[in-house]
Amino acid sequence: MIFDPRYFFVVGPFMLLALAASFYVKSAFRQWSKYGIRRGMNGAQIAAEVIRAAGIQGVRIERASGFLSDHYDPRERVVRLSPQVHDSTSIAACAVAAHEVGHAIQHQHRYAPLALRNAAVPTASIGSSFGVGAMLLGLVFSAKPLIAIGIILFCAVVLFQLITLPVEFDASRRAKAILLDGGFVNEEEAVGVRRVLNAAALTYVAAALTSIATLVYYLGFLRSDD
Ligand SMILES: [Zn+2]
């Protein structure tokens, strides 16, 4: 049981989609990094201004290393921006900075899906390591109970990725609205903001679909007699 063509038919297309989405988001980011916003603020300044305008207190902005490593850390209440976002006055930087602050705003407003996602992190990390391990071992030793345990653990990963979708869509929705309504970008620049954020959203959709397909693939072994 080294090569199973079923895996490539069931999970393969979604893995390809995830790969394509990851290329797409990088190329969208690079493309819109070439164009600056007319207001000339960099990502860090936009983040600070949006935080201030939203009336949020106690959230810091830090410069983090790594390409597209931008994220909001709810435990430390820090918006971490990659150098390409933190220091850049591009449309792409502006979009990502506002999106990450969108998460800080969600946190401030106790947006339920975000709270749910943060609570699901430990379970999901157990599910992604032990769940996958148990499913694979179950497959190698043809042990259905082990596959079943792996599936249950892996369900936590699928749930986590499903909860991630509204969280990410909402942060981007807030970012687009804040940037346009707050006059950070004009209509023309808002097109680039949408392209970058929609490309990023696609990566989350692709990841969720890949996990669901993985789950479906392993569920097939519980039903089959081989
Ligand atoms: Zn996000």
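Two strands pair if DSSP finds at least two bridges between them. Keep that rule handy for these exercises on a predicted model.

**Exercise 1. How many bridges join β2 to β3, and which way do the two strands run?**

Step 1. Find β3 at residues 78-81 and β2 at residues 71-73.
Step 2. Look for the bridges: three of them join β2 to β3. The rule asks for at least two, so the two strands count as paired.
Step 3. Check the direction: β2 and β3 run antiparallel.
Step 4. Pick out a facing couple: tyrosine 72 stands opposite valine 79 of β3.

**Exercise 2. What is the strand order in the open sheet, and which strands are at its edges?**

Step 1. Lay out the three strands: the order is β1-β3-β2.
Step 2. Spot the strands that pair on one side only: these are β1 (60-63) and β2 (71-73), the edge strands.
Step 3. Describe the pairing across this open sheet: it's mixed.
Step 4. Add the twist, which averages 25 degrees from one strand to the next.

**Exercise 3. Which residues have the most contacts inside the largest nonpolar core, and which helix gives the largest share?**

Step 1. Start with the core itself: it has 33 residues, and Ile46, Val79 and Leu179 have the most contacts inside it.
Step 2. See who contributes: α2, α3, β3, α5, α7 and α8 each supply at least two residues.
Step 3. Name the top supplier: α5 (91-108) brings the largest share, 11 residues.
Step 4. Zoom in on valine 79: leaving out residues up to four places away in sequence, its contacts include Ile51, Ile61, Tyr72, Val101 and Ala104. Tyr72 is a name you've met already, as the residue opposite valine 79.
Step 5. Don't miss the other core, which lies apart and has 13 residues, including Phe154 and Phe221.

**Exercise 4. What span should α8 have at 1.5 Å a residue, and how far apart are its end C-alpha atoms?**

Step 1. Get the length: α8 has 37 residues.
Step 2. Use one less than the number of residues, times 1.5 Å; that's why the expected span for α8 is 54 Å.
Step 3. Compare with the model: the end C-alpha atoms of α8 are 53 Å apart, which agrees.
Step 4. Look at the N-terminal end of α8: asparagine 186 caps it, with a side-chain oxygen 3.2 Å from the backbone nitrogen of glutamate 188.

**Exercise 5. How many helices and strands does the chain have, and in what pattern?**

Step 1. Count them: eight helices and three strands.
Step 2. Read along the sequence: α-α-α-β-β-β-α-α-α-α-α.

Terms used. Residues numbered from 1 in each chain as written. Predicted model: local features only at pLDDT ≥ 70, side-chain atom pairs only at ≥ 80, totals over all residues. Heavy atoms only, no water. Helix = DSSP H or I, 4+ residues; strand = E, 2+ residues; numbered from the N terminus. Axes fitted to C-alpha atoms, helices over the stretch in contact; angles between N-to-C directions. Core = buried A, V, L, I, M, F, W, Y, C linked by side-chain atoms within 4.5 Å. Buried < 20%, exposed > 50% of the residue type's maximum accessible area, 1.4 Å probe, protein only. Contact = heavy atoms within 4.5 Å. Polar contact = N/O pair within 3.5 Å; in protein donor to acceptor, adjacent residues only side chain to side chain.
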